[in-house]
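Here's a quick briefing to read alongside the structure. Have the viewer open and follow the charged side chains first, then the nonpolar interior.

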Amino acid sequence: MTKIAILGYGVVGSGVAEVLHNSAAMIEARRGIALSVKSILDIRRFPGDPFEHCFVSSFDDIENDLSVRVVVETIGGTGAAYDFTKRALKSGKHVVTSNKELVAEHGPELLELAREKQVNYLFEAAVGGGTPLIYPLAQCLSANRISSVCGILNGTCNYILTRMRDNGFTFDEALLEAQKSGYAEGDPSDDILGHDTARKISILASLVIGRQIFPKHVQTMGINRVTPEHLREAADNGYAIKLIGRVTICESSPPVIYAEPHLLKRGHPLFAVDGVFNAVLITGDVVGDVLFYGKGAGKEPTASAVVSDIVACMRANDPLGGLAWYEIPVRLAQPDSIHSAPHHTFTDGTTLRVM
């Protein structure tokens, strides 16, 4: 029996506990692995919760528990999550996370520590939520030189833009509805200002380039300045407006990496991706274009990705196949060259890139 500890019992952490409980028999039958939740660390208490008996008050209880093989980190941020992750890896435990901020800022260090201790640090849920991206990039597309990764990586922004276009909502009206529907946080800044997308594309860029790309290296613009008029004008000209994270790579010039609203031409593979759905288009020299589509966030989809990583930890010594990032960033294209790409200028003077 593989014992699991969960750090943080919010939306994702509680979802992981539920999926592990509900799917345990199926996972054991399919994969030959028995999984169960041993400990949950959270500063809150949840009287009457089905997992109430699992709660512990200190990370020491998890760190020193030799029966715990895998630690699931769903705290978020780079404070306690960073400290607990390092301690878990140093104690010889696998760590699985949905924490995109921690992976974007400290991924190489934590991957190296995991290798040193001969354990795994996996983060499928940190980028695509329930949509597999990390493992396909690391393994399934390993025979390819990747020239481009571009995608809709934030379901909150995609939902807001869809409601503005289809219902004529203002940005504020669509944001309020997203918050009421549970698709946006009380403080939506990370989403609507593009920071969440920048973190995710920096992780994907690091994987395909093989060098550390920090979010601060990503040219970033949010959707907070997009108006219903922009969406109508775009539609009249055969375009949709989407927040896109993109990295393009060629041998003769530095990589171009950005997270910005984009005009997508009708017929583009991402044109019709609406609502809370995410989609990522990856281009390889052998396979050509490959499209990944699915729900990028939410309790169940994200928990699904976390549990798949837990199973991977138990099935292989190195599920990411020797994937390595380095500390020195590559030379990136300058903003002036980034903005020299095709663009469209709206009647109010706003300019957006065109794909």
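What follows is a short tour of salt bridges, a buried acid and the nonpolar cores.

Keep in mind that this is a predicted model. A search of the whole structure turns up 16 salt bridges, and a few of them are picked out below. Aspartate 196 is a good place to start, with salt bridges to lysine 100 and to lysine 200.

**Around aspartate 196**

- Aspartate 196 and lysine 100 pair up through their side chains, with an N to O distance of 3.4 Å.
- That pair ties together distant parts of the chain: aspartate 196 sits in helix H10 (residues 195–209), lysine 100 in helix H4 (residues 100–116), and 96 residues separate them.
- Aspartate 196 counts as buried because its relative accessibility is 6%, under the 20% cut-off.
- Lysine 100, at a relative accessible area of 22%, is partly exposed.
- The salt bridge between lysine 200 and aspartate 196 comes in at 3.0 Å, N to O.
- This one stays inside helix H10, where the two residues are four apart, about one turn of the helix.
- Lysine 200 and aspartate 196 are both buried.

**Aspartate 191, a buried acid without a partner**

- Aspartate 191 belongs to helix H9 (residues 189–192).
- What is the nearest side chain of opposite charge to aspartate 191? It's lysine 200, 6.3 Å away, and aspartate 191 has no salt bridge despite being buried.
- That distance rules out a salt bridge between the two, because a salt bridge needs the nitrogen and the carboxyl oxygen within 4 Å.
- Aspartate 191 does have a polar contact, though: its side chain meets that of asparagine 154 at 2.7 Å.
- Beyond residues up to four places away in sequence, aspartate 191 touches Asn154, Thr156, Cys157, Asp196 and Leu243.

**Other salt bridges**

- Arginine 165 and aspartate 166 join side chain to side chain at 2.7 Å, N to O.
- Arginine 165 is partly exposed, with 32% relative accessibility.
- Asp60, Glu63, Asp83 and Arg87 form a salt-bridge network.

**Nonpolar cores**

- In soluble globular proteins, nonpolar side chains tend to be buried together.
- The largest nonpolar core here has 48 residues, and Ile62 and Tyr121 touch the most other members.
- Setting aside neighbours within four places in sequence, isoleucine 62 contacts Ala5, Leu7, Ser39, Leu41, Val56, Val68, Val71 and Lys93.
- There's also a second, separate core of 28 residues, with Val16, Cys54, Ala303 and Ala312 among them.

Key: Residues numbered from 1 in each chain as written. Predicted model: local features only at pLDDT ≥ 70, side-chain atom pairs only at ≥ 80, totals over all residues. Heavy atoms only, no water. Buried < 20%, exposed > 50% of the residue type's maximum accessible area, 1.4 Å probe, protein only. Lys, Arg positive; Asp, Glu negative; His and termini not counted. Polar contact = N/O pair within 3.5 Å; in protein donor to acceptor, adjacent residues only side chain to side chain. Contact = heavy atoms within 4.5 Å. Core = buried A, V, L, I, M, F, W, Y, C linked by side-chain atoms within 4.5 Å.
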